[in-house]
Amino acid sequence: MTTSHAHQLADIRDKVFAGTRLTFDDGLFLDRHADLFTLGELANFVREKKNGNVTYYNVNQHLNPTNVCVYRCSFCSFRADLKSPSGYVMTDEQILQRAKEASEQGATELHIVGGLHHLLPYEWYLGIIKNIHSAFPELHLKAWTAVEWDWFERITKRPTRELLAEMKAAGLGSLPGGGAEIFHPEVRSKICDYKADADQWLRVHREWHSMGGKSNATMLYGHIEKPEHRIDHLMRLRGLQDETGGFQTFIPLAFHPSNNPLGKDIPKPSGMMDLKVMAISRLMLDNFLHIKAYWQMLTVKVAQVAQSYGADDIDGTVVHETIYHAAGSDSPQELSVRDLRRLIEEAGRVPVERDTLYNEVVREKVEAKQWATGRQFVPLN
Ligand code: V47
Ligand code: SF4
């Protein structure tokens, strides 16, 4: 590091400790030149200021009702063509069975996203929310990414706001953060042309926030994007959060290169990269309360270390993860609550179960046997 770089880093350090907002240039500098120890120290300072020693987790399940998709994002290993033998569409019965399983296992949340099916109408997606909500009203339904909402608008020719309101009345709880990928058109046009662009993605979240709704945001990193694209992405999210305050958590998603065209000559992001992106996200997104280290994506080990690099959330029990497993993830499909709590404690943090909206969930001990999904019950404490 040159003397001028050392000065720049010292200035940024002062800013972080003083609570002063970092600029685009600061972010770029950190991405290009800062060492991992300093990034960790600074991000951990902010993390502890915002969330103390707590790491949040939730008891959730994922549901992907179809993998058939009109788009062809080059990083996607999950999608299937309309007539492909690997394409599936779950029946109402299968969907309800999965919701039942989630409810019986004590889940508080169902995370529902899928492909944009060539033929299925918007009413099919609406029906999923209606059916699950009326049978299992205790489950918070975090459903459909901004890309899906944009698709619903395209096929119905109805305004997104009206669709959001209709789905909310049917039981929609919040929006997940997927589909953001990398906003910058230099990258977006190469990896996911045609689907909702940055402005459309942000517009959906803005609409939802203006209705009092909460949502998450993501960034897919570790492929063809450069540091300036990542910082640009974070700045755009920070801008919308200044306007609405509706984002709850930011989730950096590490690219998995198996079984997709984009991954052909690209290795998996390293652990160093994962921790660097986590820390810079924490530092740039000063108006986001939470940063999630999604263990399915990062591996359990990196997600654990990330608790000292800015993250304060580790996501949930998950179960039935398909998107990253199709792309070569070797993380387990599910973790029991006991596993989650142990790995958080090992990271020196205090595990707190949250619901989707970050309210603490307090359970009677007797319920705990439901948490340990698929495993023999072992008392937690
Ligand atoms: O938008 C797809 C990503 C996202 C690959 O809101 C891939 O709490 C890596 O957004 N390698 C969907 N990533 C998942 C998502 C998410 C996950 C967990 C929690 C939340 C939340 C949201 O998965 C897609 C895309 O960015 N993705 N393929 C791949 N090969
Ligand atoms: Fe379709 Fe989503 Fe895969 Fe893109 S990432 S091809 S929109 S399923």
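This passage describes a helix, a set of aromatic pairs and a buried histidine in a predicted model.

Helix α1 covers residues 3-18. Its 16 residues should span 22 Å at 1.5 Å a residue, and the end C-alpha atoms lie 23 Å apart, so the two values agree. Four residues of α1 are named as buried: His5, Leu9, Ile12 and Val16. Viewed down the helix axis, these buried residues fall within an arc of 60°, and they therefore line one face of α1. That buried set packs against three other helices. The partners are α2 (24-33), α3 (36-51) and α11 (271-284). The face turned away from the buried side carries Thr3, His7 and Ala18, which are exposed. Just after α1 comes glycine 19, with a positive phi of about 75°.

Aromatic rings were examined next. With ring centres required to lie within 6.5 Å, the count comes to 13 aromatic pairs. One of them joins tryptophan 124 and tyrosine 125. Their ring centres are 5.0 Å apart and their planes stand at 85°; an angle over 60 degrees counts as edge-to-face, so this pair is edge-to-face. Both tryptophan 124 and tyrosine 125 are buried. A further pair is formed by tryptophan 144 and phenylalanine 152. Here the centres are 6.1 Å apart and the planes are at 85°, so this pair is edge-to-face. Tryptophan 144 is buried, as is phenylalanine 152. These four residues belong to one aromatic cluster, together with Tyr122 and Trp149.

Histidine 290 lies in strand β8, which comprises residues 290-291. Its relative accessibility is 4%. Buried means under 20%, so histidine 290 counts as buried. The side chain of histidine 290 makes a polar contact with the side chain of asparagine 51, at 3.4 Å. Asn51 is also among the residues that histidine 290 touches, when residues up to four places away in sequence are not counted. The others on that list are Tyr56, Gln248, Thr249, Phe250, Arg282, Asp312 and Tyr358.

Tyr358, a contact of histidine 290, also takes part in an arrangement with arginine 354. The charged end of arginine 354 sits over the ring of tyrosine 358, 4.3 Å from the ring centre.

Notes:
Residues numbered from 1 in each chain as written. Chains lettered and ligands numbered in written order. Predicted model: local features only at pLDDT ≥ 70, side-chain atom pairs only at ≥ 80, totals over all residues. Heavy atoms only, no water. Helix = DSSP H or I, 4+ residues; strand = E, 2+ residues; numbered from the N terminus. Expected span 1.5 Å × (residues − 1). Buried < 20%, exposed > 50% of the residue type's maximum accessible area, 1.4 Å probe, protein only. Arc of directions from axis to C-beta. Contact = heavy atoms within 4.5 Å. Phe/Tyr/Trp six-rings, centres within 6.5 Å; stacked < 30°, edge-to-face > 60°. Lys NZ or Arg CZ within 6 Å of the ring centre and 35° of its normal. Polar contact = N/O pair within 3.5 Å; in protein donor to acceptor, adjacent residues only side chain to side chain.
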